[in-house]
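This report goes through selected backbone and packing features of the structure shown below. Please keep the structure open while reading.

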Amino acid sequence: MRKAFILVLVLLSSACGRQETKLHDTQLLVMGTLVNVSIWDGDDDVAAVATAGVEQRLREMHRDLHAWQPGPLTRVNEALAAGKSAPVSEEAAMLIRRGSELSRQSGGLFNPAIGDLIALWGFHNDDGPHGPPPDAASVRALLAKAPAMSDLHIEDGSLRSENPAVQLDFGGFAKGYAVDEAVRILREHHLNNAIVNAGGDLRAVGRHGDRPWRIGIRDPRGPGVIASVEVEGDESVFTSGDYERYFEYEGKRYHHIIDPRSGFPAVGSSSVTTISKEAIVADASATALFVAGPDAWVRTAKAMGIDQAMLIDDKGKVYMTPAMAKRIHFEVDPPPPIEVVAP
Amino acid sequence: MTASAIPYRSIAGALRPTPGDIAVALLTVVLLVGLYLHFWSGVGGEGERARIVSADNGVQIVPLNEDRTLTLHGPLGDSVIEIHDGRIRFIESPCQGKQCIHAGWLHSAGSFAACLPNRISITVLGRNRHFDSINY
């Protein structure tokens, strides 16, 4: 009897002595969104200092790259609209070059030069637009001016445009750049096992202890998770969805991913998830593939060097590249209809 | 009865479990199953909590086994969050799209809803988080 009691006590003590968590999880409200910094196995003080550094850096970027709150980028846009050249910081120049390259690879489906069009739809607003949608004639008038990143030229820190209709809006890849910067700062502090998730888009480095990081991908037509993927080493997982920002007017939904060809919200996709090393590339390619839609996404992925992509169309059918199909796990039962398409 | 048989019978008697031993063994099994469910499996709904992050109120962790309604202030006004029967949801929010309300009830670990315009988010925490991060 006494031995049995000792056995119970030993079992209880081993159950209670579970390992304490080694996860430093911090939520930041920056860049108009929720940014989650998760650090595994770092020193408490180092993690706190690094996370504060990330917060400060993201606040600077929010100020410098905002498309409608008055600041450096709105001043550049004012100058371009007036047909003048504008001084740009090294960082802005780098982003313009990267944005131009990504836009060229995407065949113009990713186009950070259509700030006027985004504004016309009312998405230059913290609370999103309230409708009604713009009239077709206004949209056509902006499209006719054909603003493109290839209109821009940078010489000696000065930006000029051949086309006064170019208005820069970094919304399609600024978040990716911000996540890349956050990860760079964590690594400077030798924090090599971490996830930075900015408003649902993330870059994960290292591992969660003895296992990879587990990422859930949201179901575009429900509140839960449709699929999951394990990530380790250094990868970014970005999703563009029609549920992120939208307004409804007279029973019709208008989302924020504007097709630069039509000037209207892109049709055919409900979400696109891409995986690549750099977050800036994952971000821009998710937008471009969403715009490309179910018929052309594979071609666009190939042109942008993306081999891991998943598109869920507006009827719930899932299309994936073989490399994505190999690693993704569906969390819904029954799984959705799936088609694997080789690039 | 031989002299040598007495100790043998005594040992056999000592090894035979008493009702007390059986009770303790059963208690052990019940405790182990309970501890497993409580700490590892994440199915113990009562053990679940949610993390609410808001710009004005900071971070708070709330248990999901206590029914209540919370009102949180954000840049646009008040958002109301309901906790009932191990679940949590937005029931009122001053935002335009009402995506946070459309998200409905959240109960499984890792599920979340956010009212980005009003800068408030809810994430359900499990004892064993199924996902480290959610992509959306």
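B:R119 is buried, with 23 other C-beta atoms within 10 Å. A residue is called buried if 20 or more other C-beta atoms lie within 10 Å of its own, exposed if 12 or fewer, and partly exposed in between, with C-beta atoms placed from the backbone. The residue sits in the loop between strand 6 and strand 7 (120-125) of chain B. Helices (H or I, at least four residues) and strands (E, at least two) are DSSP runs, numbered from the N terminus. Phi of B:R119 is near 55 degrees, which is positive although the residue is not glycine.

The model is predicted: local features need pLDDT of at least 70, side-chain atom pairs count only at pLDDT 80 or more, and totals for chains, interfaces and linings use all residues. Residues are numbered from 1 along each chain as its sequence is written, while chains are lettered from A and ligands numbered from 1 in the order in which they are written.

Most residues other than glycine have a negative phi, and most peptide bonds are trans. The table lists departures from this.

| Item | Value | Citation |
|---|---|---|
| A:D156 | phi about 50 degrees | |
| B:R119 | phi near 55 degrees | |
| A:G131 to A:P132 | cis, omega near 0 degrees | |
| A:D333 to A:P334 | cis, omega near 0 degrees | |

A:P132 lies in the loop between helix 5 (115-120) and helix 6 (136-144) of chain A. A:P334 is in the loop between strand 16 (329-330) and strand 17 (338-340) of chain A. A:D156 has 5 C-beta neighbours inside 10 Å and so counts as exposed.

A:D156 is in the turn of a hairpin that strand 4 and strand 5 of chain A form with two residues between them. Strand 4 (residues 152-155) is joined to strand 5 of chain A by four bridges, and the two run antiparallel. Strands are said to pair if DSSP finds at least two bridges between them. Strand 3 (residues 86-87) of chain A also pairs with strand 5 of chain A in the antiparallel sense, over two bridges. The result is an open sheet of three strands in the order 3-5-4, with strand 3 and strand 4 of chain A as the edge strands.

Within strand 5 (residues 158-161) of chain A, A:L159 and A:S161 point to one face and are buried, while A:S158 and A:R160 point to the other and are not. A:L159 stands opposite A:A86 and also opposite A:I154. A:S161 stands opposite A:L152.

Chain A has nine helices and 17 strands. Its radius of gyration is 22 Å, close to the 20 Å that the globule rule gives for 343 residues, so chain A is as compact as a globular protein of that length. The radius is taken over C-alpha atoms, and the rule is 2.2 Å times the number of residues to the power 0.38. Of the 343 residues of chain A, 48% count as buried.

Between the chains, 36 residues of chain B are in contact with 42 residues of chain A; contact requires C-beta atoms, placed from the backbone, within 7 Å. Helix 2 of chain B gives the most to the side of chain B that touches chain A, with 10 residues.

Definitions and conventions:
Contact = placed C-beta atoms within 7 Å.
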